[in-house]
Every structure is written in structure tokens, then in C-alpha cells.
Amino acid sequence: MANDWLQLFPEKVRALLKRLPLPLLGLVEEIRIREGRPLEINYSGKYHFLSGNGTLTQHPGEAYKPDRDESHRLLDLISNHSLYTMEEELRKGFITIPGGHRIGLAGRTVLSAGGVEHLRDITGFNVRIAREVPGVADGVLPYLLDKGRQRIMHTLILSPPQHGKTTLLRDLARQISAGGHSQREGFRQGMKVGIVDERSEIAGSRRGIPAFDVGPRTDILDGCPKAEGMMMMIRSLSPDVLIADEIGRMEDADAVTEALHAGISVVASAHGKEVAELVSRPGLGSLLEHKLFERYVILHRSEAGLSFRILDSQRRGLLLAPPGERLGGGGHA
Amino acid sequence: MLKLLGAVLVILAGTLAGFQLARQYADRPRNIRGLIAALQRLETEIMYSYTPLPEALRRIGQQSREPLKGFFVTVAEEMSTPHDRSAEEAFRLAMDAHWRVTAMKAAEKEILRQLSCTLGTSDRSNQSNHIALALQQLKQEETVAREDQGKYEKMSKSLGLLLGALIVILIF
């Protein structure tokens with residue numbers, strides 16, 4: 001399972017990556033391949049180029065440049081030699097492969113009736129390595145528990161991209177679903193968790209089976225549009241807690257409202273740095289206005305590690321973790 | 001006595017060679033027909049089931065009869081882990097290994113090679129077009145192969161026998 005994503009690259013790139021020291025390989029977050037341009041590797045929030053002899057450099061000129069054959073080969077490998085099975089993915093611009101890793105694609109778009117129908121001449125790949133970090137939610141979960149009523153509070157997780165929202169959601173799902181025992185609050189029963197996994201990122205499902213541990217009482221609607229998926233969940237799967245990644249559109253907000261009124265706890269994430277800046281967004285603004293969320297978790301990742309702040313529904317701070325307090329995050333597996 | 005036995009053997013050999021040749025003529029249209037059926041199934045797998053190529057080819061192989069069965073299963077294996085070869089490469093390797101045991105000729109091989117270059121590299125409608133083109137070409141080859149069968153199958157059988165007889169007469 002560890003570093004299984006290496007199999008995905010064409011031989012030459014794979015050989016270069018394998019020359020990296022193993023601990024570093026475990027930290028890699030993104031590998032960016034652009035045809036005819038330097039091979040880029042990102043980890044711990046910094047970028048590097050990979051040179052032809054397998055060393056890291058900051059100079060684009062020294063870097064290894066994948067050629068046309070290699071980008072074709074990469075596309076062939078990630079599509080399992082069958083690009084025609086990826087029509088929907090090509091329309092959306094990314095492919096999720098077994099293991100939950102996500103590959104963003106860049107190329108020339110083909111339009112049809114004003115909308116993007118297809119991507120062709122794909123020459124840019126951003127491979128985001130997904131990692132399971134069990135325990136990353138340990139610090140957050142106690143603040144989300146409503147002990148009196150044995151439920152999870154409606155929570156919105158905020159952070160810019162690449163700061164670990166999905167990893168946190170995944171671990172929250174696992175812990176909420178499994179229940180647990182801690183000295184502070186005693187025994188906590190597991191709850192029914194429903195994940196609407198539009199981009200197959202939270203659970204990394206393959207043929208409906210999650211690649212990550214998301215808990216024993218968790219149902220996943222894989223690849224389902226969030227708004228529709230949340231409604232389906234509410235109607236048919238009766239979850240106690242509904243988890244969705246990156247909400248933001250009007251329909252999402254409506255579905256969240258629906259869930260809240262149905263008595264289902266919602267744990268969702270959104271792009272953003274501060275609660276205040278969400279107010280102006282069309283979908284999320286109305287949710288904030290009605291103070292529907294009881295907890296806001298704001299993630300921030302620096303070189304020192306992952307830190308978080310937790311606010312209540314009035315946006316008062318409950319916890320100000322000192323920057324640098326590690327959550328076990330920061331991508332170390 | 002020994003001479004007579006030799007003569008019988010020569011005639012027998014000639015006859016068998018003739019039958020072998022006749023079978024080639026009879027098998028070729030049958031093999032092409034099998035290939036056409038296999039490609040039609042492949043098109044269905046691509047258009048309606050969105051089956052990835054390695055799996056689709058494996059299924060088709062299992063449904064086909066030898067020698068196509070071995071051919072498609074090899075292609076599927078070459079495309080799966082750990083080899084993970086491209087369709088073009090996998091077809092080339094499988095053709096090198098299996099083409100000799102089929103009765104098919106260079107024309108069919110070329111059609112399949114051209115198809116393998118585009119298999120899996122585009123969207124469904126494009127795939128369908130390429131397969132349709134290959135099918136059309138294969139059908140033409142099938143017609144030619146059937147004509148050849150009609151013309152040469154019986155002839156090569158009698159020719160084998162007659163050739164054996166000729167050799168016997170010449171030797172005596």
C-alpha cells in the first residue's frame with residue numbers, strides 16, 4: 001500500500017522517483033508533470049524540481065523534462081489503457097485512481113454548446129498523493145461533540161487547498177463511525193455516517209469499496225453530485241452524520257439546510273481562510289447568515305505542521321492552538 | 001514389396017499435404033469471422049459497458065474459440081499489471097506469438113495492427129468509428145478468403161493426391 005502510486009508513472013519517471021530517499025518519498029504531496037517542461041515535486045508546502053540524476057534542485061534548467069511519449073504513456077496508464085471510460089472525468093478535468101490519489105489534468109478543451117465536453121492533447125498532470133493519517137482528527141473531535149445529546153455538531157471546516165481538509169474529514173468519518181473510548185468523555189457509541197464523495201477523494205472508492213478506513217458504520221455515495229447525493233442520503237440511508245467535501249454552490253447550501261432540518265448533523269468543508277470571507281459567497285453566505293453551523297474549524301498548515309482554530313456559531317474562538325502544534329498531519333504517513 | 005510400401009507412403013504424404021493446404025483455405029474465413037465477432041463484442045463492451053480494455057479483451061478471449069482465445073488472453077495479460085503495456089505493444093507481442101497458429105494472413109494482421117494503435121486512446125464515438133472501419137476491412141478480407149476457399153480448397157486436395165501419384169510414377 002505504501003507508495004503504491006509509484007506504479008502509475010512511466011518507467012523513466014518512476015526510476016527517478018525511486019532514487020529519492022524513502023522518508024522524503026513518504027512526504028511527497030504533489031508530482032506535477034508538464035510535457036517538455038521541468039518535472040516538479042511538492043512536499044511540506046515547498047516546491048522542487050527533479051533533475052535527470054534523481055536529485056532535487058531549485059533550478060528549472062537542470063530539471064528532467066518528460067517528453068511527449070512519457071505523457072502519452074502516463075495517460076495510458078492512469079486511464080487503464082481505456083480513455084473512453086474516462087469521459088465524465090475528462091469533462092471535469094481530473095481522474096481519481098485506485099488508492100484515492102487524484103490526478104488533475106490540463107490540456108486543450110473541446111467545447112460543445114458552450115460547455116466543456118472533453119479534454120484533448122492532455123499534457124499537464126498534477127498527481128496529488130492521498131494519505132491516510134489516522135488520528136489527525138483527535139484534537140478536533142472533542143470540540144465537535146455535543147455530549148448532552150450524544151450527537152455531532154454541524155461543522156464547517158475551512159482551509160485553503162492543500163491544507164488537509166480531506167484528510168481531516170476522512171479521519172473524522174472514521175472516528176465518528178467507529179465510536180471510541182477516551183478518558184475525558186468516556187464511552188462514545190459509533191454513529192451512522194454518510195459520505196457524499198463527489199470526487200472519490202474522501203474514501204478513495206474503487207468499484208464501490210473504500211480504499212481508506214472510513215469506519216465500520218459508514219456508507220459512501222461515490223462520485224455523486226453533492227447536492228443530489230445529500231438528498232439521496234437523507235431519504236434512503238438515514239445517516240446520523242452527513243459528510244461532504246468542498247461545498248459552495250447554491251444547491252449544496254439548500255441540501256445542507258435540508259439535512260439540518262431533518263435532524264442530521266452535517267460535517268462539511270469549504271475553501272477559504274476566514275469565516276468572514278464566506279459571507280459574500282452566494283451559497284455559503286445564507287448558511288452563515290442563519291448561523292446554521294455550530295462549529296467552524298479553520299485549518300492552517302505551515303512548515304511546522306498543521307494547526308487549527310475552532311470557533312462556535314457566534315464565531316467566537318473556542319480554541320487557539322498555538323501555531324506549530326502538530327496534529328499528526330503535514331502529510332507524514 | 002518395400003517399393004510398394006514406399007509408393008503408398010509417398011501418395012499418402014502428398015494427400016495429407018493437400019488436405020493441410022485445403023484446411024488453411026477453409027480455416028481462414030472461419031478465423032476472420034471469429035475475429036469480426038470478437039471486435040463486435042469489443043465495441044459493445046466499449047460503447048455500453050465502459051469496460052476497460054484489458055478486462056474487455058480478457059472476456060472476449062474467454063468467449064472465443066482457439067486460436068483467437070489464446071490471442072486475446074495474451075493481449076489482455078500484456079496490458080495488465082505487471083507488464084502494463086500499451087494496446088499497440090500488447091497486440092504486437094500477441095500477434096508475434098499467436099499469428100502462426102491461425103490461418104489468417106498479413107492483410108488481417110495489418111488491419112488489427114492499425115486498430116491497436118487507436119484502441120483506448122480516444123472517446124467512445126471515436127473508438128466506435130475505428131472499430132467499424134476495421135470491421136469493414138475484415139469483411140472484405142473475409143469475402144476474398146471465401147472466394148479463395150471456393151476456388152482452391154477442393155483443388156488442393158486433389159492436387160496433393162495427384163502430386164503424390166506423379167512422384168510415384170516418376171520414381172518407378
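Modeller: A nonpolar core is a set of buried residues, such as Leu and Phe, joined through side-chain atoms within 4.5 Å. The structure above is a predicted model, and its cores are a suitable place to begin.

Biologist: Which residues touch the most other members of the largest nonpolar core?

Modeller: The general idea is that in soluble globular proteins, nonpolar side chains tend to be buried together. In this model the largest nonpolar core has 34 residues, and L39(B), L42(B), F71(B), L112(B) and L119(B) touch the most other members. Two or more residues each are given to this core by α1 (2-48), α2 (53-63), α3 (68-79), α4 (87-98), α5 (106-118) and α6 (124-171) of chain B. The largest share, seven residues, comes from α1(B).

Biologist: What does L39(B) touch, leaving aside residues up to four places away in sequence?

Modeller: L39(B) touches L112(B), L115(B), I131(B), A134(B), L135(B) and L138(B). There is also a second, separate core, with 33 residues, including V13(A), L24(A), L75(A) and I78(A).

Biologist: How should one read the domains of chain A, and where do their bounds lie?

Modeller: One begins with the bounds and then examines the contact. The assignment for chain A gives domain 1 (4-128) and domain 2 (141-321). Their centres, taken over C-alpha atoms, are separated by 29 Å. Domain 1 of chain A brings 12 residues to the contact and domain 2 of chain A brings 10 residues. About 1,000 Å² is buried between these two domains, with 42% of that area from carbon and sulfur atoms.

Biologist: How many salt bridges cross the interface of these two domains of chain A?

Modeller: The rule finds one salt bridge there. R102(A) forms a salt bridge with E201(A), in which the closest N and O atoms are 2.6 Å apart. Two residue pairs are in polar contact between the domains. On the side of domain 1 of chain A that touches domain 2, β1 (28-34) and β5 (94-97) of chain A are the elements that give two or more residues.

Biologist: How many residues of chain A and of chain B are in contact?

Modeller: The same reading applies to two chains. Here 12 residues of chain A are in contact with 19 residues of chain B. The area buried between the chains is about 1,200 Å², and carbon and sulfur atoms give 50% of it. H81(A), Y84(A) and E87(A) supply 49% of the area that chain A buries against chain B, more than any other three residues.

Biologist: Which residue of chain B forms a salt bridge with E87(A)?

Modeller: That residue is R124(B), with the closest N and O atoms 3.3 Å apart. One salt bridge is found across this interface, together with nine residue pairs in polar contact. Helix α3 (residues 68-78) of chain A gives the largest share of the side of chain A that touches chain B, three residues.

Technical notes: Residues numbered from 1 in each chain as written. Chains lettered and ligands numbered in written order. Predicted model: local features only at pLDDT ≥ 70, side-chain atom pairs only at ≥ 80, totals over all residues. Heavy atoms only, no water. Buried < 20%, exposed > 50% of the residue type's maximum accessible area, 1.4 Å probe, protein only. Helix = DSSP H or I, 4+ residues; strand = E, 2+ residues; numbered from the N terminus. Contact = heavy atoms within 4.5 Å. Domains from an automatic or database assignment. Buried area = accessible area lost by both parts, 1.4 Å probe. Salt bridge = Lys/Arg side-chain N within 4 Å of Asp/Glu carboxyl O. Polar contact = N/O pair within 3.5 Å; in protein donor to acceptor, adjacent residues only side chain to side chain.
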